[in-house]
Amino acid sequence: MAVLHNNQTFVRMVHMLAVCTLIFTFAGCSQLKDIDKANELQNSDKFAELADLKINCSAKDDGCNKLHLLKGDACFHLSKQANDHNTKKNRLDCAANELSEGIDMTKDWNVAQFYRAQLNTNACEAARLRADFGDCSHFEAMLAKRAKQFIGFASENPGAIYFNARAKFYTLTQATKPCNDLRALETRLASAMQRFSSNPHYAKAYQDLRATVGVETQQRCTN
């Protein structure tokens with residue numbers, strides 16, 4: 001009877017191992033299908049379908065970062081086309097969160113098939129714009145995190161410099177004695193304005209931010 005019991009136990013173990021192997025195999029196949037589907041939707045400019053794609057994976061799964069990045073990129077694209085308040089808010093919410101998660105999941109940018117600087121630019125911009133719709137402190141903190149990471153690998157990128165300045169400005173609006181830092185930020189922005197005066201994407205952004213910082217400085221620091 002002992003031998004029979006051991007044999008039955010062994011058979012059950014083999015069966016369980018086989019089931020587990022099938023589960024992991026199907027999970028891997030499902031993941032590959034999801035990535036293939038996401039790539040197909042992106043290549044076909046079917047951004048709405050891509051934005052609605054359900055993602056069921058974790059950071060340890062190969063390709064999970066790519067799914068989040070593709071979905072986030074689609075949501076960011078759609079946010080530019082949204083006309084009503086709620087749709088734009090929801091698209092920006094999706095873009096900020098999905099891009100941020102995908103960026104954090106990506107460990108090796110040498111093999112990632114994405115333009116890293118552009119993804120970080122989009123993540124920062126989505127967080128910045130989403131803060132205007134509420135949950136300001138949460139999305140400003142997200143912007144600060146993304147901007148810090150951005151400038152860490154692209155210190156000369158005009159977007160990285162801009163978003164770091166923008167994130168710094170928000171923290172100064174919350175400070176009790178910001179005057180010295182506000183003036184220093186104005187100086188930095190004046191320099192950036194000259195440096196990137198011909199940049200089609202950031203020349204006006206720097207100009208507008210400097211003007212906003214100037215108003216804040218005047219209101220809070222004029223004796």
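Is N90 buried or exposed? N90 is exposed, because its relative accessible area comes to 51%, and the cut-off for exposed is over 50%. That residue is a place to start. This is a predicted model, so please hear everything that follows as a description of a prediction.

N90 sits in helix α4, which covers residues 85–105. Its C-alpha is 8.7 Å from the C-alpha of C75, with the two positions 15 residues apart in sequence numbering.

Now the overall layout. The protein chain has nine helices and zero strands. Read from the N terminus, the order of elements is α-α-α-α-α-α-α-α-α. The chain has 223 residues, and 41% of them count as buried. Take the contacts between residues at least 6 apart in sequence: 62% of those join residues at least 24 apart.

Most of my time goes to helix α5, residues 116–131. I will take its partners one at a time.

The partner to begin with is α6, residues 136–153. The axes of α5 and α6 come within 8 Å and cross at roughly 160°. An angle over 145 degrees counts as roughly antiparallel, and α5 and α6 are therefore roughly antiparallel to each other. Their crossing is left-handed. On the α5 side the contact is made by R116, A117, N120, T121, A123, C124, A127, R128, R130 and A131. On the α6 side the residues are C136, F139, E140, M142, L143, R146, A147, Q149, F150 and F153. Sorted by class, this contact has twelve nonpolar, three polar and five charged residues.

Between these two helices there is a loop, and D135 lies in it. What is phi of D135 near? It is near 55°, a positive value in a residue other than glycine. D135 counts as exposed because its relative accessibility is 52%.

Next is α7, residues 158–173. Helices α5 and α7 pack at about 25°, and their axes are 10 Å apart. The cut-off for roughly parallel is under 35 degrees, and α5 and α7 are therefore roughly parallel to each other. Here too we have a left-handed crossing, α5 passing α7. From α5 the contact takes T121, C124, E125 and R128, and from α7 it takes Y162, F163 and R166. Three of the residues in this contact are nonpolar, one is polar and three are charged.

The third partner is α3, residues 64–81. Its axis is 11 Å from that of α5, and the packing angle is about 55°. That makes α3 oblique to α5. The crossing of α3 and α5 is left-handed. In α3 the residues involved are L69, D73 and F76, and they meet L119, N122, E125 and A126 in α5. By class, the contact of α3 with α5 divides into four nonpolar, one polar and two charged residues.

Back to F163, which we met in the contact with α7. Which residues have the most contacts inside the largest nonpolar core? They are F163 and Y206, and that core has 57 residues. If we leave aside neighbours within four places in sequence, F163 is in contact with T121, C124, E125, R128, L143, A147, F150 and Y202. Among these, T121, C124, E125 and R128 belong to the α5 side of the α5 and α7 contact. L143, A147 and F150 are among the α6 residues that contact α5.

Two more residues before I stop. D181 lies in helix α8, residues 179–195. At 39% relative accessibility, D181 counts as partly exposed. Not counting residues up to four places away in sequence, D181 touches K168 and L172. Its C-alpha lies 9.0 Å from that of F169, which is twelve residues away in sequence.

The other is T222, in the segment after α9, which itself covers residues 203–221. T222 is exposed, with a relative accessible area of 55%. T222 and C179 are 43 residues apart in sequence, and their C-alpha atoms are 9.2 Å apart in space.

To recap the part on α5: in the prediction, α5 is roughly antiparallel to α6, roughly parallel to α7 and oblique to α3. That is what I have for today.

How values were computed
Residues numbered from 1 in each chain as written. Predicted model: local features only at pLDDT ≥ 70, side-chain atom pairs only at ≥ 80, totals over all residues. Heavy atoms only, no water. Axes fitted to C-alpha atoms, helices over the stretch in contact; angles between N-to-C directions. Helix = DSSP H or I, 4+ residues; strand = E, 2+ residues; numbered from the N terminus. Parallel < 35°, antiparallel > 145°, perpendicular 65-115°, else oblique. Left-handed = near helix turned anticlockwise from the far one by under 90°. Contact = heavy atoms within 4.5 Å. Nonpolar A, V, L, I, M, F, W, Y, C, P; charged D, E, K, R; others polar. Core = buried A, V, L, I, M, F, W, Y, C linked by side-chain atoms within 4.5 Å. Buried < 20%, exposed > 50% of the residue type's maximum accessible area, 1.4 Å probe, protein only.
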